[in-house]
Amino acid sequence: MEKTRKTLKNECSMSGIRPAVLELPYPPIEVMCRNRDYADMLQYDYCGSVSELSAITQYINNENRMCLTDCRFARTILGIAMAEMMHLQKLGELICLLGGEVEFSVRQANGKPVMWTPACLTLAQNKKRMLCANIESEKEAIAQYKAHISRISDECVNAVLRRIIKDEEYHIILLQAMLEEC
């Protein structure tokens, strides 16, 4: 008796996906001077509970869950994840220029480091909940960036943060449009 071999294949091609960013230039990655306090603050944007690292991980998880059932949505989610990767890279450069260390932890007020963990993520089980969680995460990120801008007096750093906010606002528009289709 011959064994029949079945192959499962994902037919959703991610070829040609581009980062979901506004067609606006990013400011140069530069700082006015080294400032470890600013670097520590940006570390929260880099890898805190509300951070680019959390966003990337959450979006990739969503894309993996959607790719077999809704290729168009999965492709959009991957484009957003790619934009968040660009933001993570820019924040990492700023942290280094400010004299900080690019790590996967943030420093609490007492100086104790807290490592990034997947517990920072909201991993919903259906598409509608995923989109709602992603919209909420984007809003939290925008609020955190605005709070950091109000505490940072380096205009070079703030220009980059304001540009990142524009992409995050664009992501909300994309996610809300997908949510309306659910």
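Q: Is Glu 181 buried, exposed or partly exposed?
A: In this predicted model, local features need pLDDT of at least 70 and side-chain atom pairs count only at pLDDT 80 or more, while totals for chains, interfaces and linings use all residues. Residues are numbered from 1 along each chain as its sequence is written, and side-chain values use heavy atoms, with hydrogens and water left out. Buried means under 20% relative accessible area and exposed over 50%, with partly exposed in between (1.4 Å probe, protein chains only). Because the relative accessible area of Glu 181 is 47%, Glu 181 is partly exposed.

Q: Which residue meets Glu 181 in a salt bridge?
A: A salt bridge is a side-chain nitrogen of Lys or Arg within 4 Å of a carboxyl oxygen of Asp or Glu. For Glu 181 the N to O distance is 2.4 Å, and the side chain on the other side of the salt bridge is that of Arg 72.

Q: How many residues apart in sequence are the parts that the pair of Arg 72 and Glu 181 ties together?
A: The side chains of Arg 72 and Glu 181 meet in a salt bridge. Helices here are DSSP runs (H or I, at least four residues), numbered from the N terminus. Arg 72 lies in helix 3 and Glu 181 in helix 5, so the parts tied together by this pair are 109 residues apart in sequence.

Q: Where does Asp 70, which meets Lys 127 in a salt bridge, lie?
A: The side chains of Asp 70 and Lys 127 meet at 2.6 Å, N to O. Lys 127 belongs to helix 4 (residues 127-151), and the pair therefore ties together parts 57 residues apart in sequence, with Asp 70 in the loop between helix 2 (52-66) and helix 3 (71-97).

Q: Is Asp 70 buried or exposed?
A: Lys 127, with a relative accessible area of 29%, is partly exposed. Asp 70 has a relative accessible area of 14%, so Asp 70 is buried.

Q: Which helix holds both Arg 36 and Asp 40?
A: The side chains of Arg 36 and Asp 40 meet in a salt bridge at 3.0 Å, N to O. These two residues are four residues apart, about one turn of the helix, and both lie in helix 1 (residues 36-47).

Q: With the side chain of which residue does the His 171 side chain make a polar contact at 3.1 Å?
A: His 171 lies in helix 5 (residues 155-181), and at a relative accessible area of 0% His 171 is buried. A polar contact is a pair of N or O atoms within 3.5 Å; within protein, one must be able to donate a hydrogen and the other to accept it, and residues adjacent in sequence count only if both atoms are side-chain atoms. The side chain of His 171 makes one such contact with the side chain of Glu 138 at 3.3 Å, and the contact at 3.1 Å is with the side chain of Glu 168.
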